[in-house]
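Reader: I'd like to go through this one label by label. Could you tell me what earns each label its name?

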Amino acid sequence: MRVRVEGDSMRPALMPGDWLLVRRGAAVHPGDLVVARLPGDPDRLIVKRAQWHGADGWWLESDNQRASGRRDSWDFGPVHDIVGRVVLRYWPLVRRSGRKSSGGSSGKRR
């Protein structure tokens with residue numbers, strides 16, 4: 001599946017407007033970037049870094065904890081509903097510097 005990044009919570013690894021290729025159901029390991037369903041709003045996807053897996057699910061964190069509007073496991077706890085693992089960022093081909101946006105990182109499926 002393809003996902004577009006919105007918001008600043010995954011800077012500097014991911015920037016608003018980046019497009020990602022996500023492998024559904026792929027094995028997840030600590031440190032992987034993943035797409036998950038937002039607890040409490042399962043129609044919304046989030047892009048986060050998997051930190052550890054426990055009995056209650058995966059602990060997911062934002063790379064940029066200071067981002068406005070960021071939401072991760074510090075807010076909602078461990079997550080069970082991992083959609084898939086990010087396998088690559090395919091767009092833009094060349095990263096431009098100085099791109100700014102507000103809000104937390106979420107993903108939009110296309």
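Author: Sure, starting with charges: a salt bridge is a side-chain nitrogen of Lys or Arg within 4 Å of a carboxyl oxygen of Asp or Glu. This is a predicted model, with local features needing pLDDT of at least 70 and side-chain atom pairs pLDDT 80 or more, while totals for chains, interfaces and linings use all residues. Numbering runs from 1 along each chain as its sequence is written, and side-chain values use heavy atoms, leaving out hydrogens and water.

Reader: What makes D81 and R37 a salt bridge?

Author: Their closest N and O atoms are 3.6 Å apart; the limit is 4 Å, so the pair qualifies. D81 sits in the loop between α1 and β6 (82-91), R37 in strand β3 (residues 33-38), and 44 residues separate them, so this pair links distant parts of the chain. Helices (H or I, at least four residues) and strands (E, at least two) are DSSP runs, numbered from the N terminus.

Reader: Why is D81 called partly exposed?

Author: Buried means under 20% relative accessible area, exposed over 50%, and partly exposed in between, using a 1.4 Å probe and protein chains only. D81 comes out at 37%, so it takes the middle label.

Reader: And how many salt bridges turn up in the whole structure?

Author: The search finds 7. One of them pairs R49 with D63, with 2.8 Å between the closest N and O atoms. R49 belongs to strand β4 (residues 41-54) and D63 to the loop between β5 and α1, so the contact ties together parts 14 residues apart in sequence. D63 is partly exposed too, at 31%.

Reader: What links R70, D72 and D75?

Author: A network of salt bridges joins the three. Within it, D75 and R70 have their closest N and O atoms 2.7 Å apart. D75 has 45% relative accessibility, so it is partly exposed.

Reader: On to the rings. Why is the pair of W52 and W59 called stacked?

Author: Rings of Phe, Tyr and Trp (its six-membered ring) pair if their centres lie within 6.5 Å; planes under 30 degrees apart are stacked, over 60 edge-to-face, and the rest tilted. There are 2 aromatic pairs in the structure. W52 and W59 have 5.2 Å centre to centre and 5° between the planes, so they are stacked.

Reader: Which label goes to the rings of W59 and W74?

Author: Edge-to-face: the centres are 5.2 Å apart, but the planes meet at 85°, so this pair passes the 60 mark. W59 is in strand β5 (residues 57-61) and W74 in helix α1 (residues 73-76), so the pair connects parts 15 residues apart in sequence. Ring pairs link W52, W59 and W74 into a cluster.

Reader: Is each of W52, W59 and W74 buried, partly exposed or exposed?

Author: W59 is buried at 13%, W52 is partly exposed at 46%, and W74 is exposed at 55%.

Reader: How do you know that D18 is buried?

Author: D18 has a relative accessible area of 0%, so it falls under the 20% cut-off. This residue lies in the loop between β1 (2-6) and β2 (19-24). The D18 side chain reaches the backbone nitrogen of M15 at 2.8 Å.

Reader: What makes a nonpolar core, and which residues have the most contacts inside the largest one?

Author: A core is a set of buried Ala, Val, Leu, Ile, Met, Phe, Trp, Tyr and Cys residues joined through side-chain atoms within 4.5 Å. The largest has 13 residues, and L14, L20, V22 and V35 have the most contacts inside it. At least two of its residues come from each of β1, β2, β3, β4 and β6. Another core of 11 residues lies apart from it, including V34, L38, W58 and I82.

Reader: What makes β3 mostly covered, and how does β3 run against β4 and β6?

Author: In β3, 5 of the 6 residues are buried. Two strands pair if DSSP finds at least two bridges between them. β3 and β4 have 6 bridges and run antiparallel, so they pair; β3 and β6, also antiparallel, have 3 bridges, so they pair as well. A36 has I46 in β4 as its bridge partner, and V34 has R85 in β6.

Definitions and conventions: Polar contact = N/O pair within 3.5 Å; in protein donor to acceptor, adjacent residues only side chain to side chain.
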